[in-house]
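Colleague: I would like a close look at one part of this model, namely its salt bridges. Please take the charged pairs in turn and say where they sit.

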Amino acid sequence: MNTDLTPQGVFSEYERGESYNRRIELYENVRKNEDFYIGDQWKGVYAPDLEKPVLNFIKRTVSYLISMIVSDDVGVSVTPSDRGADALFLADTLGGEVESVIEHTKAKTLARDMLKSCAVDGDGCFYFWFEPTGGASGRIRIENIDNTRIIFGNPYCREVEDQPYIIIMRRRPAADLMQEAKAAGNPDWEAIAPEGAAQFDEDGGDKMATELIRLWKENGTVHFMSTARNCVLKPAADSGLRRYPIAWMSWENVKNSYHGRAAVTGIIPNQIFVNKLWAMAMEHEKRMAFPKIFYDMTKIRQWTNRVGQAIGVAGDPNAAVASSFRAGDMSQQAIQLVEKTISYTKECLGATDIALGNIPLDNTSAIIALQNAAAAPLALQKLSFYQFWEDCVLIIMDMIRCYYGTREVFFETGEGCASTLVDFSALDPDSMELRVDVGPASYWSELVQVETADNLFKNGIITDAVTYLESVPDKYIRNKRSLIEKLEREKTGAPAPAGAAE
């Protein structure tokens, strides 16, 4: 592949990506969407005498949309096409390792942050990397990447695996980059210098520099390099991965663009209208709610409302003229229009009063039925979220194959806990035809799975004890594997292995 892998070449690719993002107004939209989400909705408006109220229905609506997607936990099961004992053991081992990675990286918590970025900014992204700790040990790490800090080589395609290259931008202290380049033996490490502030930086850029991580595929594997503007930090190397360590999700796909459209973008005009109308209503009440005094200035030189204060008049005090006046009430249509704008906006996004629980209902069945109907508009986002999780699991399995090497794995036997060495480098997910099932855990939760298996066995639909045991998750039956082996020996009449406990 003919590519300029010098710092200047990589930064030129990054600047082309930035140019595309500016053309679609990505940076401005993200800044505006973030401001409106957190409630800073009057930024840049000069109106010193006007109250600036914020009726932030955007945040509650977006929070509801996110909660509807993550309300059911996401479960992952790995099943090999081969039902042999070795394949099942390897699949169970791999599934346990995947669950361990999801747990120690707090991936589910990070997924909520990713969904927030997705709904507010338009896209969400996970970047995976391996952190070695010496020897064969090490751990997989996950980082949330803003869509303003990632560049796709082909911005008109949203498929990650089809990209010619992917560039990730990081802002780091220049001193750290210099130390990293010096430790790598790069003689140009002194060329690294602080740069001007990048988009959205608050530090002024006085001590920060830009690092670019470039990923690309060559001969079926992912290669990578890291560079500052004038110095290579990590030279080009083969990672050994077959998949890009990038999981990507857009809230709403936009045709011919890898960036999606955020849920917030389309409702900002509604939020501005509500705030403006409410501000004018407040101004009207401030000016017109209290009675005004009218008096004859030819008889009363100056009016005062002080208690007990004498008011001097010219001529006969009995002929002094003063009266009060109260303006007409403000039209209630303004308040109704505010309420209807908020209500219709939420309804169009699927966040109805029923879904939010603002309408009392008589029975639980009605609540569940109506909330399920209200969740229908989010079906596409849920499917995208499940695909995102499936991509994450496939990336984790690829990294386990590539980086774990030979490790000790513990499992339950008839005599208790045992261990064995597993060579993860020999794992080939493609040849094993592993299937990754991702969906709401409530649809196939472990407790429901156990209860269903019990009922099938009790009613005689399942008559084979081995089939029943295979249907029950491992952690609910101690020594499950050894029990299955014993039952299979009894069926075949095979003798027990030497030293096995009967």
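Which residues are linked with E28 and R31 in a network of salt bridges?

Modeller: The model is a predicted one. The network of salt bridges links E28 and R31 with D35, D40 and K43. Within this group, E28 and R31 pair directly, and their closest N and O atoms lie 2.5 Å apart. Both belong to helix α2, which spans residues 26–38, and because they are three residues apart there, about one helical turn separates them. R31 is partly exposed, with a relative accessibility of 30%. E28 also counts as partly exposed, at 38%.

Helix α2 takes part in another pair through E34, which forms a salt bridge with K116; here the closest N and O atoms are 3.1 Å apart. K116 lies in helix α5 (residues 107–121), so this contact ties together parts that are 82 residues apart in sequence. E34 has a relative accessibility of 21% and therefore counts as partly exposed, the lower limit for that class being 20%. K116, at 24%, is partly exposed as well.

A further pair involves strands. The side chains of E211 and R172 meet in a salt bridge with an N to O distance of 3.0 Å. E211 lies in strand β6 (residues 208–218) and R172 in strand β5 (residues 165–173), so the pair ties together parts 39 residues apart in sequence. E211 is buried, its relative accessible area being 3%.

For the whole structure, the search finds 15 salt bridges; the pairs described here are among them.

Technical notes
Residues are numbered from 1 along each chain as its sequence is written. This is a predicted model: local features need pLDDT of at least 70, side-chain atom pairs count only at pLDDT 80 or more; totals for chains, interfaces and linings use all residues. Side-chain values use heavy atoms; hydrogens and water are left out. A salt bridge is a side-chain nitrogen of Lys or Arg within 4 Å of a carboxyl oxygen of Asp or Glu. Helices (H or I, at least four residues) and strands (E, at least two) are DSSP runs, numbered from the N terminus. Buried means under 20% relative accessible area, exposed over 50%, partly exposed in between (1.4 Å probe, protein chains only).
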